[in-house]
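These are my notebook entries on one structure, kept in the order in which I looked things up. I began with a strand and worked outwards from there.

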Amino acid sequence: MTLVKATALTKVYGTQASGVLSRALNGIDLEVEKGEFVGVMGPSGSGKTTLLNLFAGIDKPSGGDLQINGHHIAKMSAKELALFRRRQLGFVFQDFNLLDTLTLAENVGLPLTLDGHKGRTVQESVEKLLGYLGLHDLMNKYPYEVSGGQQQRTAVARAVVHNPSLLLADEPTGNLDSASARALLGVFQKLNTEQEATILMVTHDPFAASYCKRVVFIKDGQVYTQIDRVGERQPFFQKILDTLAVLEGGSAHGMATTRI
Ligand SMILES: Nc1ncnc2c1ncn2[C@@H]1O[C@H](COP(=O)(O)OP(=O)(O)OP(=O)(O)O)[C@@H](O)[C@H]1O
C-alpha cells in the first residue's frame with residue numbers, strides 16, 4: 001500500500017514582489033510504501049529539510065500534490081492539519097526535545113495525554129512501549145538524569161506511542177556518539193521490521209542511512225537517484241558512499257532516474 005505519494009512537488013520561498021525567489025524543491029516525485037524505511041540524503045541546501053517540512057505539514061507546497069495515507073496535505077484546514085499531525089505523524093528531531101520538567105514516562109505519554117486519553121490507559125501504553133524498547137528501568141528518571149542516547153530513544157518512544165502512520169526523523173543521530181547512534185538505529189530497525197513502522201529519515205550520515213531499506217538522494221531540489229538495499233548492510237553502506245561521491249563530485253549526469 002502506498003502511504004506517501006508526492007507528485008511534481010515544488011517549493012519556492014520568497015515572493016515575486018520581493019524579487020527574491022528561492023526554488024528549494026523543483027518537481028519531486030516520491031512514493032513511500034507502508035512498512036518502508038527510507039533515507040533521504042543530499043548535499044547541504046539540496047532541499048531535504050524543505051521536503052520533510054512539507055511531509056510534516058509544517059509548510060505548504062507551492063505546486064504539485066502530496067498525499068499521506070490518502071489525505072491531501074495542502075488541502076486541509078489548519079484544524080484538520082493539526083489533528084492529522086497529532087494522530088498520524090510522529091517526529092524525531094536532532095535535539096531530542098524532551099521536556100525537562102517531566103519524567104521520561106510522562107514525556108512518552110504526552111501525545112496520548114494531549115489527545116485526551118485517560119491516565120491509566122496512558123500509563124499502560126507507556127510502560128508496555130518502554131519495556132519493549134528496553135527503557136523500562138529509566139521511566140521515572142528525568143531527561144537530565146540519563147544519557148543523550150537514552151533521551152533520543154525516549155524521544156522515539158514518544159514519537160510512536162500513538163501508532164502514527166508515518167515516523168519522520170530529521171538527523172536523529174546528529175548529536176549522538178557512535179554507540180548511541182547504533183542503539184538508536186537498532187530501535188528504528190526493530191520498529192520497522194517487527195511493527196511495520198513506516199519511517200522517513202533525513203540524514204547526512206551514510207552509516208545511519210545504511211540501516212534503511214532504500215535511500216533517496218536529492219540534489220538541487222530534485223530526486224537525483226535512489227538505491228535499494230538488497231542483502232547485507234555493509235555492501236549497502238559502500239553503495240551509499242559511492243553514490244555520495246558521485247553526487248558531490250557532480251559528475252553524474254543522466255543518473256536522475258537510475259536505481260543503482
Ligand atoms: N525559509 C526559507 N526562506 C528562503 N529560502 C529558504 C528557506 N528555507 C530554505 N531555503 C532555501 O531552500 C534551499 C533548500 O534548503 P533546505 O534547508 O531544505 O536544504 P537541506 O538539504 O535541508 O540543507 P542542510 O543539509 O544544510 O540542512 C536552500 O537554498 C535554502 O537556502
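Entry one, a strand in the interior. I looked first at strand β7, residues 166–170, and found that five of its five residues are buried, so the strand is largely enclosed by the rest of the structure. I note at once that this is a predicted model, and I read everything below with that in mind. Checking the two faces of β7 separately, I found Leu166, Leu168 and Asp170 on one side and Leu167 and Ala169 on the other, all of them buried, which leaves both faces covered.

I then asked which strands pair with β7. Strand β6, residues 89–92, runs parallel to β7 and is joined to it by four bridges, and in this pairing Leu89 stands opposite Leu166. Strand β8, residues 199–202, also pairs with β7 in the parallel sense, over four bridges, with Asp170 standing opposite Val202.

Entry two, the nonpolar core. The largest nonpolar core has 68 residues, and Val40, Leu167 and Leu200 are those with the most contacts inside it. Helix α6, residues 178–195, gives the most to this core, with six residues. As general background, I wrote down that nonpolar side chains tend to be buried together in soluble globular proteins. Leaving aside residues up to four places away in sequence, I listed the contacts of Val40 as Lys48, Leu51, Leu200, Met201, Val202, Val216 and Ile218.

Entry three, the ligand. Which residues lie around the ligand? I found Tyr13, Gly14, Ser22, Ala24, Gly42, Ser44, Gly45, Ser46, Gly47, Lys48, Thr49 and Thr50. Sorted by class, this shell has two nonpolar, nine polar and one charged residues. Strand β2 (22–33) and helix α1 (48–55) each supply at least two residues of the shell, and the largest share, three residues, comes from α1. Lys48, which belongs to this shell, is also among the contacts of Val40.

Entry four, the antiparallel sheet. I traced an open sheet of four strands in the order β2-β1-β4-β5, with antiparallel pairing. Strands β2 and β5 (71–72) stand at its edges with a single partner strand each, so one side of each is left without a neighbour in the sheet. Within the sheet, β1 (residues 2–13) and β4 (residues 63–68) run antiparallel and are joined by five bridges, and the bridge partner of Thr7 in β4 is Asp65.

Entry five, two small residues. Is Gly57, in the loop between α1 and β4, buried or exposed? Because 22 other C-beta atoms lie within 10 Å, Gly57 is buried. Not counting residues up to four places away in sequence, Gly57 touches Ile73, Leu81, Phe84 and Arg85, whereas Ser18, 39 residues apart from Gly57 in sequence, is 25 Å apart from it, C-alpha to C-alpha.

Ala155 sits in helix α5, residues 148–160, and counts as buried because it has 24 C-beta neighbours inside 10 Å. With the same sequence neighbours left out, Ala155 touches Val92, Phe96, Asn97 and Leu98. The C-alpha atoms of Ala155 and Leu241, 86 residues apart along the chain, are separated by 28 Å.

Entry six, the record. An unreviewed UniProt entry carries the annotation "domain: ABC transporter" over residues 4–245. Over residues 4–245 I noted 38% helix and 25% strand, with the end C-alpha atoms 28 Å apart.

Methods:
Residues are numbered from 1 along each chain as its sequence is written. This is a predicted model: local features need pLDDT of at least 70, side-chain atom pairs count only at pLDDT 80 or more; totals for chains, interfaces and linings use all residues. A residue is near a molecule or strand if its C-beta atom, placed from the backbone, lies within 6 Å of it. Ala, Val, Leu, Ile, Met, Phe, Trp, Tyr, Cys and Pro count as nonpolar, Asp, Glu, Lys and Arg as charged, and the others, Gly among them, as polar. Two strands pair if DSSP finds at least two bridges between them. UniProt positions are given in the numbering used here, feature names are shortened, and annotations may be inferred rather than shown by experiment. A nonpolar core is a set of buried Ala, Val, Leu, Ile, Met, Phe, Trp, Tyr and Cys residues joined through C-beta atoms within 7 Å. A residue is buried if 20 or more other C-beta atoms lie within 10 Å of its own, exposed if 12 or fewer, and partly exposed in between; C-beta atoms are placed from the backbone. Two residues are in contact if their C-beta atoms, placed from the backbone, lie within 7 Å.
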